[in-house]
There are 4 protein chains.
Amino acid sequence: MRKKKIGIIGATGYTGSELVRILLNHPEVDIAAITSESRKGDQFAEVHPFFRGLIDQQLVSIKDIESMDLDVVFLALPHGVSMDFVKDHADKPYPVIDLSGDFRLDSPETYEAWYNKGHIYQKGFEDAVYGIPELFKEEIKDKKLIANPGCYPTSAILGLAPLVEGGMIESQVIVDSKSGITGAGVKAKAATHFPNVNDNFKAYSVKNHRHTIEIEGTLNKLSSDELKVQFTPHLLPVDRGIVSTIYSKPKTGVNTSKISEVYKDFYKDEPFIRLTDQPPAIKEVRGTNYCDIYCTYDERTDNFITISAIDNLVKGAAGQAVQNMNLLFGWDETAGLRQVPMNP
Amino acid sequence: MRKKKIGIIGATGYTGSELVRILLNHPEVDIAAITSESRKGDQFAEVHPFFRGLIDQQLVSIKDIESMDLDVVFLALPHGVSMDFVKDHADKPYPVIDLSGDFRLDSPETYEAWYNKGHIYQKGFEDAVYGIPELFKEEIKDKKLIANPGCYPTSAILGLAPLVEGGMIESQVIVDSKSGITGAGVKAKAATHFPNVNDNFKAYSVKNHRHTIEIEGTLNKLSSDELKVQFTPHLLPVDRGIVSTIYSKPKTGVNTSKISEVYKDFYKDEPFIRLTDQPPAIKEVRGTNYCDIYCTYDERTDNFITISAIDNLVKGAAGQAVQNMNLLFGWDETAGLRQVPMNP
Amino acid sequence: MRKKKIGIIGATGYTGSELVRILLNHPEVDIAAITSESRKGDQFAEVHPFFRGLIDQQLVSIKDIESMDLDVVFLALPHGVSMDFVKDHADKPYPVIDLSGDFRLDSPETYEAWYNKGHIYQKGFEDAVYGIPELFKEEIKDKKLIANPGCYPTSAILGLAPLVEGGMIESQVIVDSKSGITGAGVKAKAATHFPNVNDNFKAYSVKNHRHTIEIEGTLNKLSSDELKVQFTPHLLPVDRGIVSTIYSKPKTGVNTSKISEVYKDFYKDEPFIRLTDQPPAIKEVRGTNYCDIYCTYDERTDNFITISAIDNLVKGAAGQAVQNMNLLFGWDETAGLRQVPMNP
Amino acid sequence: MRKKKIGIIGATGYTGSELVRILLNHPEVDIAAITSESRKGDQFAEVHPFFRGLIDQQLVSIKDIESMDLDVVFLALPHGVSMDFVKDHADKPYPVIDLSGDFRLDSPETYEAWYNKGHIYQKGFEDAVYGIPELFKEEIKDKKLIANPGCYPTSAILGLAPLVEGGMIESQVIVDSKSGITGAGVKAKAATHFPNVNDNFKAYSVKNHRHTIEIEGTLNKLSSDELKVQFTPHLLPVDRGIVSTIYSKPKTGVNTSKISEVYKDFYKDEPFIRLTDQPPAIKEVRGTNYCDIYCTYDERTDNFITISAIDNLVKGAAGQAVQNMNLLFGWDETAGLRQVPMNP
C-alpha cells in the first residue's frame, strides 16, 4: 500500500526534530515536506546536523505544500502562529495535528485570558478535539483538527484522570511539576544559559502558568464536580522529562484501598500507560511515548499521592502527535512508537 | 583572647568536611581535633585531598580527645551512632552539637517508630534543644546538647513558621521537596551512581521519610492546632541544595494580602533569612548559610504557596551547627558564615 | 524466513541492556535467551525496570542455553570471565561475539602484561578476529569468534586508520580521550558517585590504561611502521559518549592538503562513518552506531588533528557487536541500527 | 590603616561578580565603585540577585569614578573595550589590572593577527606586565598596567614553565584543554544553551584559538628555544574549571627521573601551586586560586605528560587579579584568597 504523505510545518524547534526522529522509522509514512520560512532552501540536516546521513530533505515554504497532495499535516509552530495556518487551510482535505496551544482550551475567551493575546479563529475551537488518546480515543478518530496536548497537562491529566472520572476526590488538587529544559524551547535565553541551569533548580510562573487552565479545563470535562488546580512548574537541570507529583484528597466514603485497582482498570487497554509500584523516574521513559504512573494513599494524612513521568518531547509532544495520527488512520496505535527508553 | 578549641567527631562524611571548610576561616576558633575510627593516623587532607595545603591535622580516635580540653564538640556521625557518644560524654564540660537525627524528636518512642531502631539514651531528649536559631534562639544559648536540625526540616520549618506561629493556616500542609544528592551521603551506592542520577529525577520515600515527623513535631510546638504534614522528597541531579515548595490553606478570615508583611516581621532580625520576590534558586544560596524564602497567595485557589531554598550541607547541616555554636559562645551570629554564594 | 535465535550471556550490565535495546527492534532476530547467574529466575525487566512492557524474558543460567539451538551468542561478561565461556563452548556450532577484552590482543603474553592476569585459552587468539567492520570486514564474515573492540580503541582506531594505512604519519601518536561514565560500568563505586563526577573532570590511568595496547597493536597491523601511542583517558560528567582528540605528524613529503580526500576515499562505502567539517559532538551520535570523524591539518605547527566521536555503549560496544552479527549472517550491515541520534 | 579603595569597571559579567565575591571578604580593601554603562543606577545586587544582603552598592558610570580617589582599578571589560579605558586613563595615579586580552601579547601586530581587530594603544604594550605572579613576581610589583592572563594560558603556562625554563623539552608542545562553560561568558547564546551543553562534549576553535599565541608567546619568553604550541580547547558540561593535558618530549640527555624534583624546586615558594601525585580534578580547586599540577614521564613513549587544573574564574581571572593586587601593595600574596575548595 502507498505510504501516507506527511507534512511537518516548522523545522527548527525541538518538536519538529522529534517528529522527524520518530517518523523516519514509522512503517506507514513518508515525510513529504518539512517547512521553514527562515531556513527554506537549506537541508533539514543543515539545521539539525545530527541528522546527517539519515534524511535528504530540503526545507520548503508553507506555500509550497499546496501542490503536494499531503495526507496529514503536523504543526510544530509557536503559540499564536498555528492559528493562522489552521484558519488558512481549513478547507484542505488533510487533517491537521497542531502541537501548539492554540486550540486546546474551551474558547477564545479563555485563551485570551491565559495567553494574553487575541485569537483569530473561533471556529477552530468547535472543530478541534483535545488529543489525549487515552481519554478521547473515539472522538479523535474522525476529527480534522487535533489539538495536541501540552507537556505538563499530559502528565497531570493522565495522572489524575482515573480519580477524577471516578468522582473519587475533593475539588482541590495540587500539581507540583518538574520539567527538563527542552520545555523552554530551542532558542537560547538567560533562563536556559547553562550556568543558570546546571546544578540549579527553581520554580517559575507560580500561580499563572497557562498550562493550569489546560489541566483544569480538561479534568473538568471528566468530572461532575468543579475542580481547582494549583499548578507549580519547576525547571530541572535535565534535557527532557517531566515528573508531576500530585496531591488530592479522597471524598468521604471512597474506598481508598482499591486505588491501584482503579488505575489498572482505567488504563487496562492502554499500550503507553505503565503503572508502577515505585515512584517513576524520567530516564525510565526517556525517548519513548510511555507515561509511567504511580498512585498511593497515605492513611496518616488521608491524601492520595499520584506521580507521573513522561518525556516532554515524546508523550508530551511529538510522540503523542504520532499516536494521534495512528488513530486517525486506523493503524496500530503503537506504530513507529516502540522505542526502548534511553537509559542511561 | 584565646581561641576556642573545637572537636569534630567524624571526618569522612560531607558534614565533617563542610565543618572544616567553614571553621578554617572562623575568626574565634581553632580546630583541635578531628576524629575517625576508620582512618585514624591519616591526615585529614588524605581523606579529602582538596584540603591539601590548607590544613595539617592528623585524624585521631574518639578516645584521644579526653585529654584535649575542648570547648565544644560537633558530632558528624550517622544516626544511631551519635547517641552513644552523647551518653558516654554526658558529664563532660563541653557542649555537644549533634548533626545526626538522634535527639531531634520528642521522645524515644517517636524515634523508634520512625527510625526503626531502639534508642539508648532517653535523658538526651530532655537535655536537647532543637537547634533552629531563628525559632529557639534563647533556648539554644544555655544548652549543653543541641540537636542540629535535618536538612529538609530546616527548609520546611523556616518556610512555614510565620504562618504556623501566626495561626494562619488550616491543619493540612503539603511539603514537596527536592534535594541534591549530597543529602544521600558520601558513600557510593546504586542510588547515587552517576548514570542513575544524571539527567534523571524521581521521588523517593513517599509517605514515610523520617523527616516528616521532624517537620510535623517541630511545627506543632509553634502551633495551637494539630498540623498534619504530607512530605515528599525528590532527588535532583545536583550536588547541593534543597528547594521546598509548600502548600497551605488560609483559615477563614485570615488577611491574605498581608502575607509578605507577616514574613518580614517574623524574620526582621534574622541575618540568614532573605525574603525574595521571585521563587528562590539553589545557586543563590549555594555554599552559604542563607535560607531564601518566597511566599505568595493565590486568590483563584485560595492557597498559600511558600518556597524556600537552602544549601543542605550549610544551612541544612554544618553552617547551622556553626550558627548554633556562635550563639552558645555569645559571638556574632554570622561569625565565620559570611561566604558569598558560589554562583555559578 | 525463520528469525535467528540470539543468546545474550550476562544481563545485568550496560552492554547487556544495550544489546536488548537494539535487538528488540532488529528485524531478523529473536532474543531466545538472556543469562545471569546472580539473577536467574528473575525477569529481565525486573533487573532493568525501564524495559517493563517491552520484553517478557526470564533470565536463565548459562547451562540452560545448551538445549536452545542458538544461532549466535553475545558475551556481555567482564574481562577474565569471557575466556571461560569461549573455552568451554569452543565446539558449539554457533559463533560467539565477545564484548570483553579477552581476545582483542595479539597473544596471551600481551594480555597478561596489560591485564595483570593469566589467560587460560591461548587458542582463542588464533581463532578470533578483531571486530572493527570498517577495517576487517572480510575476515569477520567467516569467523566463529569475534573480539568486539573496546570503546576507546574504536574511537581512536577509526580516527587514525586512514592516516596509518596510507603511511602518512610519523611513529608517535597522541590520543587524548574523554569518556562518559557508563564506560566505568554499572556498579556503584567512589569513582562513579554522583558528587564525585558532576561538575567535575579529570584524567585517570595515565600511561597504563589497557586500551593503549589495543589501539597500538591494531594500528600496527595496518602499518609498516612501528607506531607508539600515548593514550590518556579522562572522565566526563556525561552518561555516554567518547570524544578522542588525536595528534599526529605528517611524514616529510606527504600531501597534507589532500587530507579530507584521504578520509573520504577510505570510508566511502561505510554506512556508520560520517565525516564532518566541524569538530563532532557526543550528542550528535548518542544512541547510534555512528562514528563521526573530523580531520584537519595545521600549517603553523605541521600537525594533523583528528577528532572522533562515538557512543561508547553503541559503536563502542553493543551496536558494533550487532554490526558484526549482521556481517556474519550476510544481512544489510545497518539492520537494526538505523536509530536517529537522541539530541537533545 | 585606611583600607584601599577599589574600583571595578564592568559589573555584569562573571569576572565582575567573582571580583566582588572575593573582594567582599578581603581584609585590606573597600569596594568604592562598580561601574556599568548599561545598568548604572541599579544596585549591584539587582544585577546579581544572589548578592542580596551582602552588598549595598549602586552601579555608576565610568565617568563617575574620576572624583573617587581610587587606589586601584580592575577592568572586567570585553576584549577591545579595555584598551579604550587604559588609553583614556593612562595619566591617572592608580594602577590598572586589566582582565581582558588587550595587553597580553607582544605587540599590536600580533594582537591584530589573532584578534582580528585593530589596536588603538600601542604604548600599553610597553607599559604592561603579564600578570602571572609565579613567573613575573618582581616585574609586577612596580607596574601600573597589569595584563591579567587568560584562563587557558594560566593553566598551560603554569603547567609547562618548569620544563620550558629548564630547557628540558623539544620545541613541539601539545596542550589539550577542557573548560567549563563560564569561559564563554555570561551572555546566553546557542553554544551555551543548556540542551546543547548538558551530557555533551566537543572541541572548538581548533588551530586558531587566540589563547594559542598567548601561551606560545609567554613560554617563549622563558625559553631560549622557539616553542610551537598546538592548542585545542574543548567545552565541558560544567560551570567552572579548566583541565589542561599537556604533552611534551624530553630533549636527549635530560634526566627524566628528576621530573618531580624539577617541579618541586621551581614552585617551592608559591602558595597557590599544589603539586599532586594523581591527576588533578576540577572540584579540588573550585572556587579557589589554586593551580594543581601533576607531571609524569612515560618511559615507553618517551613523553612528559603534565596535567594542570584551575578554576577559570578564580586563578584564571578574578583570583589571579587579586593576587596581582596583593603584590602591587606589598600585602601577603594570599590575602583574601584563602577560600577552601567547594567540593562537592
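**Chains A and B, and the copy in chain D**

Mentor: Let's start with one contact: Arg286(B) and Asp199(A) join their side chains in a salt bridge, 3.6 Å from N to O. This is a predicted model, where local features need pLDDT of at least 70 and side-chain atom pairs pLDDT 80 or more, while totals for chains, interfaces and linings use all residues. Residues are numbered from 1 along each chain as its sequence is written, chains are lettered from A in the order in which they are written, and side-chain values use heavy atoms, without hydrogens and water.

Trainee: Why is the pair Arg286(B) and Asp199(A) called a salt bridge?

Mentor: The term asks for a side-chain nitrogen of Lys or Arg within 4 Å of a carboxyl oxygen of Asp or Glu. Here the N to O distance is 3.6 Å, so the pair fits the definition. Between chain A and chain B the count is six salt bridges.

Trainee: What makes up the side of chain A that touches chain B?

Mentor: Its residues divide into 21 nonpolar, eleven polar and 13 charged. In that split, Ala, Val, Leu, Ile, Met, Phe, Trp, Tyr, Cys and Pro are nonpolar, Asp, Glu, Lys and Arg charged, and the others, Gly among them, polar.

Trainee: How many residues are in contact, and how much area is buried between chains A and B?

Mentor: Contact (heavy atoms within 4.5 Å) links 45 residues of chain A with 45 residues of chain B. The two chains bury about 4,000 Å², 53% of it on carbon and sulfur atoms; buried area is the accessible area (1.4 Å probe) lost on being put together, summed over both parts. In chain A, Asp199(A), Phe201(A) and Arg300(A) lose the most area to chain B, together 18% of what that side buries.

Trainee: How do you know what kind of axis relates chain D to chain A?

Mentor: Laying chain D on chain A takes a turn of 180 degrees and a shift of 0.0 Å along the axis, with an RMSD of 0.0 Å. The two copies are thus related as by a two-fold rotation axis. The superposition is by least squares on C-alpha atoms of residues with pLDDT of at least 70 in both copies. In chain D, Phe194(D) has the C-alpha nearest the axis, 2.2 Å from it.

Trainee: Why do you say that β8(A) and β9(A) pair?

Mentor: Pairing needs at least two bridges found by DSSP. Two bridges join β8(A) to β9(A), and the strands run antiparallel, so they meet the definition. Lys202(A) has Leu235(A) in β9(A) as its bridge partner.

How values were computed: Helix = DSSP H or I, 4+ residues; strand = E, 2+ residues; numbered from the N terminus.
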